[in-house]
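Got the model open in your viewer? Keep the selection box handy and we'll walk through it stop by stop.

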Amino acid sequence: MSERLHPQEAARARQTPVPWGDFWRVFPLLALVPIGILWLYADWISERRYGDLLRAERIAVSMQVAAVSRGLRDVSVGVCTLAEQNELGAYLESPDPKMLAAIANEYRSVARHGALVSDVHLLDKSGSQLVHVLRMGAGEEPRVMSTDELQQLSDAFYDDVASAKRTGELFVSPLKRDADGKGVTIRFGTPVFSEDGGDKAMVVIGYNAAPILDSAAAAGAASLGVPIIMDSDGMLLITPDIDGGIGFGDPADPAHGLALGLPDEWRTMANTDIGSVRTEAGLFTFEAYRPLADLKGCEGDPANAAGADGERYRWVVASHVPDPVLDDIREDAYITAAAIGAPILLLLAVATRTVGVIVGNRRIYRAELEAMARRDALTGLANRIAFEEALTEACQRAEDEATRFAVIFMDLDGFKGVNDALGHFAGDLVLRRIARLLSENCRDGDTAARVGGDEFVVLMPGADHQGAHGFAERVKDRVIAAGSPERPIGVSIGIAIWPDDGGDAETIVVRADQAMYEAKRAGKNTIRHASATGVA
């Protein structure tokens with residue numbers, strides 16, 4: 001088929017958008033570099049934020065430990081103060097039951113004004129209660145228990161106090177749930193001896209430990225972690241998951257004890273004094289706290305601090321950051337990287353597309369120039385150069401495949417009269433009309449070219465004498481029809497067939513040209529075949 005590129009078509013080609021194919025082949029490869037850098041940047045941000053979180057959690061845990069230590073030191077002072085009570089000293093020197101009433105009044109005053117005091121005891125060296133003052137509730141007057149209500153107290157804590165050998169030793173009990181299950185009590189006890197050491201009594205004060213533990217929770221409230229305090233068995237002493245903030249649940253219930261609920265995490269905390277552990281459950285930052293080691297005896301001697309199974313009296317203060325929170329930190333890091341990377345990738349895409357458009361337009365323009373170099377500027381048909389290239393290719397293919405092709409040479413009859421009478425503009429219109437006529441009648445693969453002023457040639461691969469003659473007849477009839485009665489035009493046509501009329505490109509064209517001139521000599525507006533002209 002004849003290829004044409006009229007000026008209007010060339011203009012449309014320049015306005016045609018550059019395809020996106022090159023962009024999608026190049027841009028993903030270019031985008032891999034910034035995406036990789038942004039991925040590494042997101043990982044770096046995530047690790048840095050995780051490091052900041054870990055430092056903040058360690059600070060929060062240290063603050064919790066300090067809050068617990070401060071609270072225990074404050075409440076331990078009360079028992080030491082009562083141990084120095086004059087009435088108690090006089091009673092030990094000369095036991096008089098009447099003096100116990102004065103001691104009870106003093107204890108009641110302590111229970112009334114001590115916000116955390118739950119009860120106060122005075123016991124003899126056998127553990128029998130001599131005085132017991134019980135704080136009934138907020139706003140109620142503390143109650144002095146009657147003689148009939150006094151009891152014999154005996155457990156590991158009271159036994160330790162009873163076994164003390166010197167004044168000033170301070171004993172601390174483990175945390176214990178109250179009988180009503182609503183509170184948590186911690187007890188401080190100290191022995192008091194008569195001047196000659198012959199008699200001994202024990203002063204014990206019970207304190208509501210919840211505010212102490214709550215202050216520890218509050219100290220860590222500013223961190224992302226959930227504050228937790230556990231005893232030496234892994235039981236939760238404070239956790240926001242328990243109503244009221246204090247939990248002494250069943251040890252077999254994982255919700256109340258880490259030893260069974262999270263055994264791997266608890267194993268690390270039980271065997272390490274300070275550190276952090278990251279598991280699927282999240283991040284646990286912890287520090288061991290030994291209340292007995294932090295307290296001083298009533299005489300200020302640290303060695304006087306003791307207690308039931310003192311070596312094992314160990315709490316674990318921890319902060320737990322759930323895994324979803326850690327996931328949010330990582331996700332936020334990638335969102336930050338994405339927010340930075342989106343404009344970069346957009347700019348890269350715009351730059352890639354811009355370069356692609358520039359290169360594409362240059363390619364189109366270069367193709368236009370190459371096409372213009374092979375086309376006739378007036379008609380848009382192939383020019384002599386393009387025709388000779390097509391002819392050379394057709395000769396090679398026909399020789400390789402043993403096929404035929406036709407070369408049809410045409411020269412307009414009467415065209416000079418149109419030019420002379422109507423001018424070159426009219427002549428140009430005739431030439432364009434003939435070019436369009438040829439293009440409309442050519443098959444796919446045919447090449448129509450203008451090789452002179454009013455000379456045209458058509459290359460028809462695969463055509464024989466009959467096919468070429470039929471094409472020539474159609475063209476001749478339509479050329480005649482395209483003329484006007486005042487200025488009729490015709491066409492003389494010469495046909496040469498490869499390889500019958502020539503075995504090379506030059507010969508086949510010469511034979512077609514000679515056949516065309518033979519048609520003119522025969523009276524014009526006729527068709528002649530080279531094989532019938534007798535021209536050697």
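What follows is a list of things to select, with a note on what is there.

Some ground rules before you click: this is a predicted model, in which local features need pLDDT of at least 70 and side-chain atom pairs count only at pLDDT 80 or more, while totals for chains, interfaces and linings use all residues. Residues are numbered from 1 along each chain as its sequence is written, and side-chain values use heavy atoms, with hydrogens and water left out.

**Stop 1: the annotated stretch**

Select residues 23-42. An unreviewed UniProt entry labels them "transmembrane region"; such annotations may be inferred rather than shown by experiment, and UniProt positions appear here in the numbering used in this model, with feature names shortened. In the model this stretch is 100% helix and 0% strand, and its end C-alpha atoms sit 27 Å apart. Helices (H or I, at least four residues) and strands (E, at least two) are DSSP runs, numbered from the N terminus.

**Stop 2: salt bridges**

Stay in this part of the chain and show side chains. A salt bridge here is a side-chain nitrogen of Lys or Arg within 4 Å of a carboxyl oxygen of Asp or Glu, and by that rule there are 21 of them.

Pick D43 and R330: their side chains form a salt bridge, 3.2 Å from N to O. D43 belongs to helix 2 (residues 21-83) and R330 to helix 10 (residues 323-373), so the pair ties together parts that are 287 residues apart in sequence. How accessible are the two partners? R330 is partly exposed at 37% relative accessibility, and D43 is partly exposed at 22%. The cut-offs are under 20% relative accessible area for buried, over 50% for exposed, and partly exposed in between (1.4 Å probe, protein chains only).

Now slide along to D52 and R55, whose closest N and O atoms are 2.3 Å apart in another salt bridge. Both lie in helix 2, three residues apart, about one turn of the helix. D52 is partly exposed, with a relative accessible area of 38%, and R55 is partly exposed too, at 47%.

Next, select D22, R25 and R363 together: salt bridges link them in a network.

For a pair joining two loops, go to D273 and R314, with a salt bridge at 3.4 Å between the closest N and O atoms. D273 is in the loop between helix 8 (263-271) and strand 10 (274-279), and R314 is in the loop between strand 12 (305-307) and strand 13 (315-322), so the pair ties together parts that are 41 residues apart in sequence. D273 is partly exposed at 41%, whereas R314 is buried at 10%.

**Stop 3: strand 7 and its partners**

Select residues 200-208, which make up strand 7. Is this strand largely enclosed or open? Eight of its nine residues are buried, so strand 7 is largely enclosed by the rest of the structure.

Add strand 1 (residues 117-124), which runs antiparallel to strand 7 and is joined to it by seven bridges; strands pair if DSSP finds at least two bridges between them. L123 has M202 of strand 7 as its bridge partner.

Then add strand 6 (residues 184-193), antiparallel to strand 7 over nine bridges. Here G189 stands opposite V204. Strands 6 and 7 form a hairpin with six residues between them, and G197 in the turn has a positive phi of about 75°.

**Stop 4: Q129**

Click Q129 in strand 2 (residues 129-134); at 6% relative accessibility, this residue is buried. Its contacts (heavy atoms within 4.5 Å) beyond neighbours within four places in sequence include H121, L123, E149 and Q151. The side chains of Q129 and H121 share a polar contact of 2.9 Å, meaning a pair of N or O atoms within 3.5 Å; within protein, one must be able to donate a hydrogen and the other to accept it, and residues adjacent in sequence count only if both atoms are side-chain atoms. A polar atom of the Q129 side chain also lies 2.9 Å from the backbone nitrogen of Q151.

**Stop 5: the five-stranded sheet**

Finish at an open sheet of five strands, ordered 15-16-14-17-18 with mixed pairing. Strand 15 (447-450) and strand 18 (527-529) are at the edges, each with a single partner strand, so one side of each has no neighbour in the sheet. Strand 17 (residues 490-498) runs parallel to strand 18, joined by three bridges, and I493 stands opposite I527.
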